[in-house]
Amino acid sequence: MLEEKIKKSESLEELEKVRIELFGKKGALASEFAKLKDVPGPEKKAFAEGLNRNKANLQKIFDEYYEKLKKEEIDKLLQAEAIDVSLYGDLDTKGALHPVMETMDKIIDYFVSLNFAIEDGPKIEDDFHNFEALNLPKNHPAREMQDTFFCKDGAVLRTHTSPVQIRTMLQQKPPIRMIAPGAVFRKDYDITHTPMFHQVEGLVVGGKGEVNFANLKSIMSDFLHYMFGDVEVRFRPSFFPFTEPSAEVDISCIFCEGDGCRVCSHTGWLEVLGCGIVDSNVFDAVEYKDVSGYAFGLGVERFAMLLHKIPDLRMLFEGDTRLLEQFR
Ligand code: DAH
């Protein structure tokens, strides 16, 4: 009867209650043992032996049943938590790099392969790094070229990656060979401008007379051939406050191969970057003496648009999955 009680338990919890009922201080066995005192002397021994056998027997049945229940509960738990790793996932929703990041990576790969270090700077800049040290003193008309977002206390959202040149030169001694990829901000919005876009800045500084325009020209040409393949490259005199002389670099139009079309405004050329020989005022601002250097800067979105023939810059930031799906 007691044995049945054990085997009726359906869980460890129920079994624990049975254990107390049988083996507890006030349990069934205890009350059997209590009868021992009323058994007449000569029969006591046999009676006690019978009780002990009975108890040992029950204990054995209990222990075995306990092990059985425990194993069952663990099996149940394992089954409930099981994950079928062989199930097929949704194979249609693979992610991919955004075309801007993919283009950025391609640009970075080129310069890293030539031993350029990658430098970084804050997106909220101060006037000194974004303008002053780059030979853009207060009230200089060239500040107008940059439609600046102003923050509190004279801070600005950096309008270009050029301030990273200044930060790097202030922290390191020449020689320097660096690029600075990152987001920049300007108050502008139309088919070729967005308020946030990405640039890659470059700076090379060596001893006096070591770095010249010929070096700049050859590396820019090689870089543009790496990016765009078999195009013509043209250097046009231009102006940037932080370089002198300065140049803007064009490639022959990749849409019409130089014949003239809407994209190149019928000139046959597409402007792709700015560069020049670092102005001595910039070296003065970071207290570099007896050095020479070149710098360059380019817009990553413009490269991405040209490489993928994307007609409107804003498409890159609208997050329309129909555009992004084409880059998987
Ligand atoms: N900072 C310039 C811009 O935002 C780009 C640039 C031009 C960077 C010439 C340079 C440079 O380092 O030499 O338009």
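Q: Which strand does E1 join through two bridges, and do the strands run parallel or antiparallel?
A: Let's start at one end of the sheet in this predicted model. Strands of a sheet can pair either parallel or antiparallel. Here E1 is joined by two bridges to residues 176–185, and one of these bridges can be placed by its residues, with Ala117 partnered by Met178. The strand is E4, and the two run parallel.

Q: Which strands are the edge strands of the open sheet?
A: The sheet has seven strands with mixed pairing, in the order E1-E4-E5-E9-E8-E7-E6. An edge strand pairs on one side only, which fits the two ends of that order. They are strand E1 (117–118) and strand E6 (233–240).

Q: Which elements give two or more residues to the shell around the ligand?
A: A good place to look is the largest pocket, since the ligand takes up that space. Three strands of the sheet contribute there: E5 (196–207), E8 (269–278) and E9 (291–299).

Q: How many residues of the shell around the ligand are charged?
A: The shell holds 15 residues, and among those that come nearest are Arg186 and Glu201. Five are nonpolar and eight are polar. The charged ones number two.

Q: How much of the ligand's exposed area does the protein bury?
A: Happily, some contacts can be named: ligand oxygen atoms lie 2.6 Å from a side-chain N or O atom of Arg186, 3.1 Å from a polar side-chain atom of Gln165 and 3.2 Å from a backbone N or O atom of Ala295. Taken alone, the ligand exposes 350 Å², and the share buried by the protein is 91%.

Methods
Residues numbered from 1 in each chain as written. Predicted model: local features only at pLDDT ≥ 70, side-chain atom pairs only at ≥ 80, totals over all residues. Heavy atoms only, no water. Near = heavy atom within 4 Å. Polar contact = N/O pair within 3.5 Å; in protein donor to acceptor, adjacent residues only side chain to side chain. Areas by Shrake-Rupley, 256 points an atom, 1.4 Å probe, with all protein chains shown as cover. 1 Å grid on protein atoms, 1.4 Å probe; cavity = no way out; pocket = protein on both sides within 12 Å on 5 of 7 lines; lining within 4 Å. Sits in = over half its atoms within 2 Å of the grid points. Helix = DSSP H or I, 4+ residues; strand = E, 2+ residues; numbered from the N terminus. Nonpolar A, V, L, I, M, F, W, Y, C, P; charged D, E, K, R; others polar. Pairing = 2+ DSSP bridges.
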